[in-house]
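User: I'd like a close look at one part of this model, and then a walk outward from there. Here it is.

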Amino acid sequence: MIAQVIVDIAAKQTDRIFEYHIPDELEGVELGSRVFVPFGPRKLQGFVVGIVDHSEYQGKLKDLLLVVDEQPPLTQELVELSKALANKIFTYRISILKTMLPAVMRANYRKLLTPTDEITAKLPIFQGEAIDLNKVTDEKMNAYYRKLLKNGQAKVEYVVGNQAKAKTINTYSLTEKTDEYEKIYNSLRQNAVKQKQLLMDMIEDASNYPKTQEAIESALQITTSVLSNAVKKGWLKKNSVEVYRDPEADIIPKAKRVQLNDEQTGALNEISQAINEHLARTFLLEGVTGSGKTEVYLHAIEQTLNQGRTALMLVPEISLTPQMVNQVKARFGQNVAVLHSALSKGEKYDEWRKIRRGEVKVVVGARSAVFAPLKNLGLVVIDEEHESSYKQESDPRYHARDVALWRCQYNDCPLVLGSATPSLSSRARAQKNVYKLLRLTKRANKKQLPAVKLIDLKQIQFAGSQFDFSVELIEAIKERIQKREQVILMLNRRGFANFMLCRECGYVMKCPNCDLSLTMHKDTASMQCHYCGFTTKIPQACPNCQSRQIRFLGSGTQKVQEELTELIPDAKILRMDVDTTRKKGSYKRILDKFAAHDADILLGTQMIAKGLDFPNVTLVGVINADTGLWVPDYNASERTFELLTQVAGRAGRAEKLGEVYIQTYNPEHYAIRLAEKQDYEQFYRYEMNVRHAGNYPPYYYTILISVASAKEQNAAKEAFRIRRKLQSSLSSTTIILGPTPSAISRLKNQYYYQILVKYKKETGLIALLHEIQDAAQEIKKYGLNVYIDNEPERIM
Ligand SMILES: Nc1ncnc2c1ncn2[C@@H]1O[C@H](COP(=O)(O)OP(=O)(O)OP(=O)(O)O)[C@@H](O)[C@H]1O
Ligand SMILES: [Zn+2]
Ligand SMILES: [Zn+2]
C-alpha cells in the first residue's frame with residue numbers, strides 16, 4: 001500500500017502530495033495520521049492524506065519511517081477540508097493541517113546530533129548529551145557539526161518534540177488475597193506502625209482497591225515511601241493511569257428550564273426540521289438583545305443529540321464566559337468539551353482528546369474550535385456571528401463561518417448564525433434567501449428594550465474641566481448606586497491617555513517601530529505601543545523641544561476610573577480591559593465579583609459589551625461613542641452601530657427597566673442615531689445603500705493584497721508590479737484600488753502597501769492570485785512579504 005503525504009514545509013515546491021511505500025510493520029497506518037518520512041537528506045513530519053494501492057510514480061518509492069500517534073489526530077472530513085480551504089484562502093495545505101491540531105501537538109520535532117563512537121562521545125561539546133541542532137546559532141559550530149556528520153562520527157536523530165503529555169496519576173492495586181496479607185501483617189515487627197496501618201487498610205478495605213496514591217496517603221496519613229516500600233516487597237502493584245485535567249471542575253451546574261415563547265418556538269421548529277431531515281440549510285437567527293437566542297441554541301443542540309448526532313457551538317473568545325459555559329454544562333453535563341484560550345495547553349489537549357475519542361457530543365469553543373474533530377456532526381451554531389474575531393488575522397486567514405458552512409455541507413446538517421446585529425453580508429444573504437431568516441423581535445421576558453439617550457458632548461456640561469463625564473451621566477450613575485442597582489460603563493480605549501501632545505511644537509510621541517502614537521499607562525508609569533509592545537518612560541518634557549507644556553490626551557479606561565473615583569468616592573468599581581485580564585482566571589474573577597454585587601460599576605473596553613447577562617444592571621453608559629467612528633475603513637459605521645447596540649443591550653435584561661446614555665460628538669451620524677433606536681433593520685437598509693454607492697461588500701467581493709518590507713520603496717515598487725499584473729488580466733468591471741500606503745503605514749519596522757481588488761465575477765482571479773502568491777515565495781529572500789486576504793475584515 002502507498003501513503004500520500006503532505007510534508008511539513010510550508011512552501012510552494014512542497015505544497016503537493018508525496019507518495020511513500022507503507023512497510024509491513026506500519027501496515028495499519030490510517031488516513032489523518034502524522035508520520036515521519038525521508039525527504040531528500042532529511043526526515044520530516046507529515047500528514048497522511050490518502051492511502052492508495054497504486055502509484056503513477058515510476059521510480060522506487062521510499063518507505064514511511066514512523067507513525068507518530070496511536071490514533072490519527074485528523075478525521076477524513078478534516079483531511080478533505082484542509083484541501084478545499086487551502087485553495088480558497090491562499091495558504092499551504094500544511095498550515096491548515098497544523099492549525100487543526102491543538103497547540104501542543106503542533107510543536108516541532110527536534111533534530112538531535114548524537115555521537116556514534118566512544119571517542120566522539122567524550123568530546124567536550126557533547127557532555128554526555130545529544131546536541132539540539134535547532135538551537136545552534138553559531139555558524140562555526142554548525143560547520144563543525146557537519147564535519148562530524150560527514151566523517152560518520154555523529155548522526156542526526158529526529159525526536160518528536162511533542163509537548164503534548166497526557167496527565168497521569170498513580171494508583172495501587174492489590175497483588176494477593178486477603179488471607180495472605182493477614183499473614184504478612186502478623187509477621188511484621190510491632191514498631192512498623194505505618195506499614196501495619198497500610199496493610200490493615202488493604203485487608204479491611206480490599207474491595208475499594210485499586211486506590212489512588214492521593215487517597216491512600218491522605219486517608220492513612222502516610223508518606224509515599226511507605227507505599228514504595230510496599231511495592232518493593234510485592235504487596236502492591238503501582239499503576240499509572242491517564243486522567244483528564246478538568247478546567248471547569250469547580251462548576252456545579254444546575255439546569256434552569258424555561259418555557260420557550262412563541263417566537264423562540266417558531267424559530268426552533270424551523271431549525272429542528274433541518275436537523276431531523278439532515279438538511280444543510282443555513283439559518284440567520286436575528287434576535288434583539290436579550291431575546292433568548294441562547295435558549296434556542298440549547299434546544300436545537302438537545303434535538304441533535306436525540307438524533308444520535310453531535311453539535312458544535314462557536315462563541316467569540318470573549319463571550320466564552322463562565323456564564324455561557326455553565327449554561328451549556330448544566331444542560332449537557334459530561335457530554336461537553338470546552339475549547340478556549342484561557343485553558344492551559346495541557347487542558348486544551350485533554351479537551352481535544354475527549355472530542356477525538358468520541359467521548360463528548362457537544363463542543364463549545366472559540367474560532368479554532370471550528371476544526372474540532374467531532375464525528376457525525378448534526379448541527380453547528382455560531383453565536384454573535386457578526387464578530388470579526390471569527391476571522392483569523394494571520395496565516396492561515398480563515399473565517400470560522402466559511403469553515404462551518406463547508407462542514408455543514410459535508411455532514412448534511414444545519415448551520416445557525418445568531419446575532420442581535422448580524423454582519424451586513426449575512427443579512428444580505430438572508431435577504432436573497434441564501435440563508436433562512438428567523439427573527440426574534442422582543443425580549444424573552446416581554447420587557448421593553450432599554451431607553452437610549454444621546455448626550456451631545458458639544459453642548460453639555462462636563463462634570464469637571466478635565467473630565468470625560470457629563471453631569472447627567474454622573475447623576476444617573478449615582479442614582480443607580482443609591483438604589484442598589486448596577487452600572488456598566490464602556491470606553492473602547494485602554495490605558496490612561498492614548499497620546500502625548502506638545503502644546504509648544506505639536507510633537508506627538510510615536511513608537512519607533514510603528515506608525516502609531518504611544519499610549520500612556522499611569523499604573524506602570526510607561527508609554528506603550530499597543531501593537532508591538534514597545535515601552536518607554538513617561539516624558540517630563542517634550543522630547544523634541546524640551547518644553548514642559550506637554551499634555552496627555554484621549555482618555556482611556558484608567559483615566560476614566562480615576563475620574564469616577566474622584567466624582568463618586570464610595571462607588572465600587574471593577575475595570576476590565578486587556579491590562580486587568582492578563583492573568584489566568586482574572587476575567588472570570590471580575591465577572592464573578594460583579595455578579596455577586598461586590599461592585600457597583602463594571603468599567604471596560606468592548607470586552608464588556610457583548611453576551612453578558614446581569615439582571616441587576618439597569619444603566620449602561622458609553623463614555624465616548626466616537627472612538628471607532630472615523631477609522632479609515634469602509635465598515636467603521638457597521639462596527640460602531642453593532643458595538644453601541646450590543647452594549648446598550650446589557651441594560652434592563654430582567655425585571656427592572658434599563659436605561660442607556662451614549663456620549664458622543666457626532667449625534668447626527670446615522671450609525672449613532674440608529675443605535676439610539678436599536679433598530680437593526682433600519683440600519684441594515686441604510687448601510688446597504690451606503691455600500692452600494694461606494695461599491696463595497698456585500699455588493700462586491702474583496703481581496704486585499706498587502707506588501708511589506710523594511711524598505712518603503714521596495715514595498716511600493718512590488719505593490720505597483722502586482723497591480724500591473726492584475727490590471728492586465730482582470731475584467732474592466734473589477735475595481736482595483738491602490739497601491740496606497742496602509743492607514744498604519746509602518747508596523748514593527750515593516751512598511752505596508754496595499755491593493756484592494758473589488759469584483760463581482762472574475763473566473764481567473766483565484767488562479768492569478770495563486771500565481772502572485774507563488775511568485776511571492778521567490779522574493780521573500782529580498783525581505784519582501786506578500787499577504788493575500790480573501791474577504792478581509794479590516795482594510796486599513
Ligand atoms: N422563554 C423565556 N422565558 C423567560 N426568560 C427567558 C426565555 N428565554 C430566555 N430567557 C432569559 O432571557 C435572558 C436573555 O437571554 P439570552 O442571554 O439568551 O439572550 P440573547 O438573545 O443571547 O441576547 P444577547 O444577544 O444580548 O446576548 C436570559 O436571562 C434567559 O435566561
Ligand atoms: Zn515640543
Ligand atoms: Zn510599535
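How many bridges join strand S9 (residues 167–174) to S11, and do the two run parallel or antiparallel?

Analyst: A quick note on the ground rules: this is a predicted model, where local features need pLDDT of at least 70 and side-chain atom pairs count only at pLDDT 80 or more, while totals for chains, interfaces and linings use all residues. Residues are numbered from 1 along each chain as its sequence is written, and chains are lettered from A and ligands numbered from 1 in the order in which they are written.

Now your strands. Eight bridges join S9 to S11, and the two run antiparallel. (Helices, H or I with at least four residues, and strands, E with at least two, are DSSP runs numbered from the N terminus.) One pair to click on is isoleucine 169, which stands opposite valine 241 in S11. Zoom out a little and you get an open, antiparallel sheet of three strands, ordered S10-S9-S11. S10 (211–212) and S11 (236–243) are its edge strands, each pairing on one side only; pairing here takes at least two DSSP bridges between two strands. Just before S10, have a look at the loop coming from helix H7 (193–204), where proline 210 lies. The peptide bond into proline 210 from tyrosine 209 is cis, with omega near 0°. That deserves a glance because most peptide bonds are trans. Another cis bond runs from glycine 738 to proline 739, with omega near 10°, and proline 739 has its place in strand S31 (residues 735–747).

For contrast, try the six-stranded open sheet, where the pairing is parallel and the order is S19-S29-S28-S20-S27-S26. S19 (451–456) and S26 (573–576) stand at the edges with a single partner strand each, so one side of each has no neighbour in the sheet. Ignoring direction, neighbouring strands are turned by 15° against each other on average. (Axes are lines fitted to C-alpha atoms, for helices over the stretch in contact, and angles run from 0 to 180 degrees between N-to-C directions.) Inside this sheet, five bridges link S20 (residues 486–490) and S28 (residues 617–622) in parallel, with valine 487 bridging to leucine 619 of S28. Helix H16 (residues 471–482) packs on the sheet, touching S19, S20, S28 and S29 (659–664), and its direction makes about 160° with that of S28. Contact means C-beta atoms, placed from the backbone, within 7 Å.

There's a helix pair to see as well. The axes of H15 (residues 424–431) and H21 (residues 680–693) come within 11 Å and cross at roughly 100°. The two helices are therefore roughly perpendicular, a label that covers 65 to 115 degrees. H15 brings Leu424, Arg427 and Ala428 to the contact, and H21 brings Tyr684, Glu687, Met688 and Arg691. Past H21, in the loop leading to strand S30 (701–709), sits asparagine 695. Asparagine 695 has a positive phi of about 55° although it is not a glycine.

Finally, ligand 1. Of the 20 residues around it, Thr289, Gly292, Lys293, Thr294 and Ala444 come nearest, where being around means a backbone-placed C-beta within 6 Å. Helix H11 (residues 293–306) gives the largest share of that shell, three residues. Domain 4 (262–440) and domain 5 (451–494 + 556–692) each supply at least three residues, with bounds from an automatic or database domain assignment.

How values were computed: Angles under 35 degrees count as roughly parallel, over 145 as roughly antiparallel, 65 to 115 as roughly perpendicular and the rest as oblique. Two residues are in contact if their C-beta atoms, placed from the backbone, lie within 7 Å.
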